[in-house]
Amino acid sequence: MYSVVNFNINGYHYKFPVIYGTCYDKAINISKLRESTGFITFDPGFKNTGMTKSSISFIDGEKGELLYRGYPIEQIIKKCSFIETSYLILNGELPDTAQLKSFSERIKKFNHLHKEMNQILDHIPNFYHPMGILSSLTYILDAFIDCLQEEDMYIHLLAKLPMLAALTYRKKVGGPPTHPDHHLDYISNLLKMFFSVPNQSYEHNPIIADALNKLLILHADHEQNCSTTTVRLLGSAHAGLFSSISAGMTALWGRLHGGANQAVIEMLEDILKSGGNIKKWIEKAKNKKDPFRLMGFGHRIYKNFDPRAKIAKQVAENVIQELGISDPILELAKNLEENALRDSYFIEKKLYPNIDFYSGIIYQAIGIPKDMFTVMFALGRLPGWMAHWKEMKLNRDPIGRPRQIYIGYKKRNIKK
Ligand code: CMC
């Protein structure tokens with residue numbers, strides 16, 4: 001273990017401190033680099049930059065391991081509900097029975113929306129993408145919530161986001177808005193708000209509820225990804241929680257990030273429609289002159305299997321089998337995965353399926369339309385975004401403000 005590293009720049013020696021994480025991450029603290037040497041670092045896409053210290057989740061990309069507050073994702077999936085996981089991520093420890101009861105009851109207490117939210121929704125065009133609708137509604141929600149306690153804001157968002165997602169869904173499919181049922185748990189209530197028909201009783205399918213619970217847990221946090229970084233960056237400027245989360249949603253919508261779940265199904269449908277020639281599509285993904293990429297493959301951190309993708313594949317197989325669906329898309333996805341994993345391009349670049357490769361197949365089996373997939377991802381990621389916002393404030397992280405290498409004109413005069 002080194003406590004400093006030495007830099008030799010043009011014959012001058014500099015020492016920079018080294019920081020270690022609990023799971024053996026190591027970093028050179030270069031915050032005084034420019035002050036001491038005149039140099040800055042250049043790292044487009046922040047591929048090699050640690051922007052904060054965090055204790056929420058940990059990824060070992062080489063081993064393909066994911067921990068939430070120290071617990072392996074495989075254990076959380078088996079033993080916890082999404083609400084217990086949300087509590088863990090937000091508060092650092094799993095709740096005991098009394099804590100879980102009080103957390104769930106507080107969420108139910110905030111399970112209502114101001115009538116103006118419905119009026120605002122009425123003015124958003126039907127053809128707008130659900131992620132645009134959800135992030136707009138989340139942003140404006142701020143206007144109607146007056147919280148004295150910061151902790152209450154987190155509970156408001158946990159309570160209201162499923163309602164906003166259900167309103168968005170029902171606007172898209174043309175159904176009347178539904179109301180939460182306070183007798184139900186979080187996942188059952190979410191399903192009822194999506195799929196129940198007014199004046200008819202609604203019984204959810206436990207297989208579907210279990211799959212949805214698992215998917216939301218798989219999405220719950222993933223350290224400094226693009227949307228979480230967006231949330232932290234906004235928060236570092238002292239922007240409010242709702243606007244920071246709304247911005248995080250907009251980042252998540254991007255097709256290289258959470259929007260990949262919609263893009264994967266669209267890609268698989270295109271492959272099927274065009275005759276199912278997998279080899280041709282793999283060649284297309286490898287061709288540098290073609291902008292096409294194999295959606296749902298590759299990850300900035302994982303250079304091994306994404307553990308979430310392994311679980312999602314298993315859940316997809318179970319759901320499809322238990323619901324008795326025959327899904328050619330699942331068979332195609334498995335075939336595509338096998339072929340890609342045998343191909344030297346994917347082997348050399350360490351490109352493995354990520355969470356989005358199989359999650360859309362599960363959402364489709366549950367009855368969620370393609371353009372709502374990323375909305376479901378956002379529901380799952382909410383506790384992670386909020387925990388990072390909270391941590392960023394507690395750490396007193398400075399305002400995020402990278403430098404640049406300017407390559408424009410040198411100083412010049414206007415000639416007139
Ligand atoms: N298909 C074909 N080639 C790929 C792919 C892919 N899916 N992903 C990466 N590559 C190649 C890329 O062309 C590059 O090749 P080269 O070194 O010859 O230029 C190399 O692999 C490294 O890729 P990169 O783009 O520099 O890696 P990155 O860390 O900047 O990007 C990524 C990560 C996830 C954006 C990228 O792998 C990708 O575009 N994947 C498809 C979209 C996707 O599935 N996104 C969901 C990510 S997981 C869920 C989430 O966190 O939101």
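Reader: How do you know what kinds of residues make up the shell around the ligand?

Author: In this predicted model, the shell divides into nine nonpolar, six polar and six charged residues. Leu counts as nonpolar and Arg as charged, and both kinds appear among the closest residues, which include Leu 256, Leu 294, Arg 293 and Arg 300.

Reader: What makes a residue one of the 21 that surround the ligand?

Author: The cut-off is a heavy atom within 4 Å of the molecule. Leu 256 and His 257 are among the closest of those 21 residues.

Reader: Why is the pair formed by the ligand and the side chain of Arg 300 called a polar contact?

Author: A polar contact needs N or O atoms within 3.5 Å. A ligand oxygen is 2.7 Å from an N or O atom in the side chain of Arg 300, so this pair qualifies. By that limit, Lys 349 at 2.8 Å and Asn 354 at 3.0 Å make polar contacts through their side chains too. As for cover, the ligand taken alone exposes 940 Å², and the protein buries 78% of that.

Reader: Let's turn to the strands. How do you know that S4 and S5 pair?

Author: Pairing takes at least two bridges. Four bridges join S4 (residues 57–60) to S5 (residues 65–68), so the two antiparallel strands pair. In one of these bridges, Asp 60 has Glu 65 as its partner.

Reader: What lies between S4 and S5 in the hairpin?

Author: Four residues lie between them, and Gly 64 in the turn has a positive phi of about 75°.

Reader: Which way do the residues of S4 point?

Author: Ser 57 and Ile 59 point one way, Phe 58 and Asp 60 the other, and all are buried. Being called buried means under 20% relative accessible area.

Methods:
Residues are numbered from 1 along each chain as its sequence is written. This is a predicted model: local features need pLDDT of at least 70, side-chain atom pairs count only at pLDDT 80 or more; totals for chains, interfaces and linings use all residues. Side-chain values use heavy atoms; hydrogens and water are left out. A polar contact is a pair of N or O atoms within 3.5 Å; within protein, one must be able to donate a hydrogen and the other to accept it, and residues adjacent in sequence count only if both atoms are side-chain atoms. Accessible areas come from the Shrake-Rupley method with a 1.4 Å probe; for residues, only the protein chains shown count as cover. Buried means under 20% relative accessible area, exposed over 50%, partly exposed in between (1.4 Å probe, protein chains only).
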